[in-house]
Amino acid sequence: MQIDIKGRNIPVTDEIRTHAERRLDKVARQVSDLARLEIEIFKEPNPRVADCQVAEATLYLKGVTLRAHDSSREMVHSLNLVVDELSRQVKRHRDKRRHRREARTAAVREAARAIARIAPESPA
């Protein structure tokens, strides 16, 4: 999985980069190597907002795009929240695909059985 971390008006430190990559290992194992993840971190300028450190993640998979957005007082905590949300979405997406695949194979098997009952093979 290709990971791209961008900072909007704040620098992306090595600490943030390594922390994000370490936390995303679990997600990277569940998706294709061709998947691309963009993480954008920024600080909200409004002083009244308590949750001012924001992290947004966009995961581009084949045929689907998953997004996560979270904010907190600390950037590392925001990244943790985004990674957790993204891992839940990836797990749900994988489960949906697996159930669809299983349902499709079950339907094909059932159709083959129905055809075999209707038109039994003739002896040659």
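User: How do I read burial at Thr58: is Thr58 buried or exposed?

Analyst: Use relative accessible area: buried is under 20%, exposed over 50%, partly exposed in between (1.4 Å probe, protein chains only). Thr58 comes out at 12%, so it counts as buried. This is a predicted model, with residues numbered from 1 along each chain as its sequence is written. Local features need pLDDT of at least 70 and side-chain atom pairs 80 or more, totals for chains, interfaces and linings use all residues, and side-chain values use heavy atoms without hydrogens or water.

User: Where does Thr58 sit, and what does Thr58 touch?

Analyst: Thr58 is in strand β3. Elements are DSSP runs numbered from the N terminus: helices are H or I of at least four residues, strands E of at least two. A contact is heavy atoms within 4.5 Å. Leaving out residues up to four places away in sequence, Thr58 touches Arg36, Leu37, Glu38, Thr65, Leu66 and Arg67. The side chains of Thr58 and Arg67 also share a polar contact of 3.5 Å. That term means N or O atoms within 3.5 Å; within protein, one must be able to donate a hydrogen and the other to accept it, and residues adjacent in sequence count only through two side-chain atoms.

User: Glu38 is on that list. Which side chain makes a polar contact with the side chain of Glu38?

Analyst: Arg36, at 3.0 Å. Glu38 lies in strand β2. Beyond four places in sequence, Glu38 touches Asp4, Lys6, Glu56, Ala57, Thr58 and Tyr60.

User: How do I find the buried face of a helix?

Analyst: An α-helix has 3.6 residues a turn, so residues three or four places apart point the same way. In α1, the buried residues are Ile16, His19 and Ala20. Viewed down the axis of α1, they fall within an arc of 95 degrees (taken from the directions from the axis to the C-beta atoms), so they line one face. Asp14 and Arg22 are exposed on the face turned away from the buried side of α1. The buried residues of α1 pack against β1 (2-8), β2 and α3.

User: What does the length of α3 tell me?

Analyst: Compare expected span with actual span. The expected span is 1.5 Å times one less than the number of residues. Helix α3 has 44 residues (75-118), so it should span 64 Å; its end C-alpha atoms are 64 Å apart, which agrees. Its buried residues include Met75, Leu79, Val83, Leu86, Val90 and His93. The buried residues of α3 pack against α1 (14-23), α2 (25-30), β2 (36-43), β3 (53-61) and β4 (64-72).

User: Which residues lie nearest the centre of the largest pocket?

Analyst: Gln30, Val31, Ser32, His93 and Arg97, out of 14 lining residues. The elements giving two or more residues to this lining are β3 and α3. Helix α3 gives the most, with 6 residues. A pocket is an open set of points on a 1 Å grid over the protein atoms alone, where a 1.4 Å probe fits, with protein on both sides within 12 Å along at least five of seven lines; lining residues have an atom within 4 Å of a point.

User: What is unusual about the backbone at Asn9?

Analyst: Most residues other than glycine have a negative phi. Asn9 has a positive phi of about 65 degrees, yet is not a glycine. Asn9 is in the loop between β1 and α1. At 78% relative accessibility, Asn9 counts as exposed.

User: And how does Glu44 read?

Analyst: Glu44 is in the loop between β2 and β3. Glu44 is partly exposed, at 29% relative accessible area. Glu44 and Ala111 are 67 residues apart in sequence and 57 Å apart in space, C-alpha to C-alpha.
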